[in-house]
Amino acid sequence: MVNSKNQITLPLAALATANVRPGDVLRVEVNENGALRLIRHRDAFLDALGELAGSAPGLAAATDLEELRTESEQ
């Protein structure tokens, strides 16, 4: 439920599963159907990096994005 201050409470189990921790910065995206999606700021950076690497021949193969994600979560 959205309260009078437009705030919501997210279930602790969902946050733990998503590996969201206190202090993480979240961005909200809205799709064409009005569904909301929360994205951690660090994930948004790595997703953009992945798109950039994918657009440059040879760069994607030399960039281990999964390793970067793991390092950023530590």
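Here are some short exercises on this structure, each with a worked solution.

**Before you start**

This is a predicted model, in which local features need pLDDT of at least 70 and side-chain atom pairs count only at pLDDT 80 or more, while totals for chains, interfaces and linings use all residues. Residues are numbered from 1 along each chain as its sequence is written, and side-chain values use heavy atoms, with hydrogens and water left out.

**Exercise 1. Find the helices and strands of the chain and put them in order.**

Step 1: Begin with the rule: helices (H or I, at least four residues) and strands (E, at least two) are DSSP runs, numbered from the N terminus.
Step 2: Count them, and you get four helices and two strands.
Step 3: Walk along from the N terminus, and the order reads α-β-β-α-α-α.

**Exercise 2. Say which element has the highest mean pLDDT and which the lowest.**

Step 1: Recall that pLDDT is the predictor's confidence in each residue, from 0 to 100.
Step 2: For the chain, the mean is 78, and 55% of the residues reach 70 or more.
Step 3: Among the elements, α1 has the highest mean, 94, whereas helix α3 (residues 59-62) has the lowest, 52.

**Exercise 3. Describe how β1 and β2 are joined.**

Step 1: Two strands pair if DSSP finds at least two bridges between them.
Step 2: β1 covers residues 26-30, and strand β2 covers residues 36-40.
Step 3: Five bridges join the two strands, which run antiparallel.
Step 4: For one partner pair, look at V28, whose bridge partner in β2 is L38.
Step 5: The hairpin has five residues between its strands, and G34 there takes a positive phi near 85°.

**Exercise 4. Trace the salt bridges around E29.**

Step 1: A salt bridge is a side-chain nitrogen of Lys or Arg within 4 Å of a carboxyl oxygen of Asp or Glu.
Step 2: That rule gives two salt bridges.
Step 3: In one of them, the side chains of R27 and E29 meet at 2.5 Å, N to O.
Step 4: R37 also forms a salt bridge with E29, with the closest N and O atoms 3.9 Å apart.
Step 5: Shared partners therefore join R27, E29 and R37 into one network.
Step 6: For accessibility, buried means under 20% relative accessible area, exposed over 50%, and partly exposed in between (1.4 Å probe, protein chains only).
Step 7: R27 counts as partly exposed because its relative accessibility is 36%; E29, at 31%, is partly exposed, and so is R37, at 48%.

**Exercise 5. Compare the settings of N6 and N19, two residues with a positive phi.**

Step 1: Most residues other than glycine have a negative phi.
Step 2: Phi of N6 is near 60°, and N19 has a phi of about 60° although it is not a glycine.
Step 3: N6 lies in the segment before α1 (12-17), while N19 is found in the loop between α1 and β1.
Step 4: N6 counts as exposed because its relative accessibility is 67%, whereas N19 counts as partly exposed at 23%.

**Exercise 6. State what share of the chain's residues counts as buried.**

Step 1: The chain has 74 residues.
Step 2: Of these, 9% count as buried.
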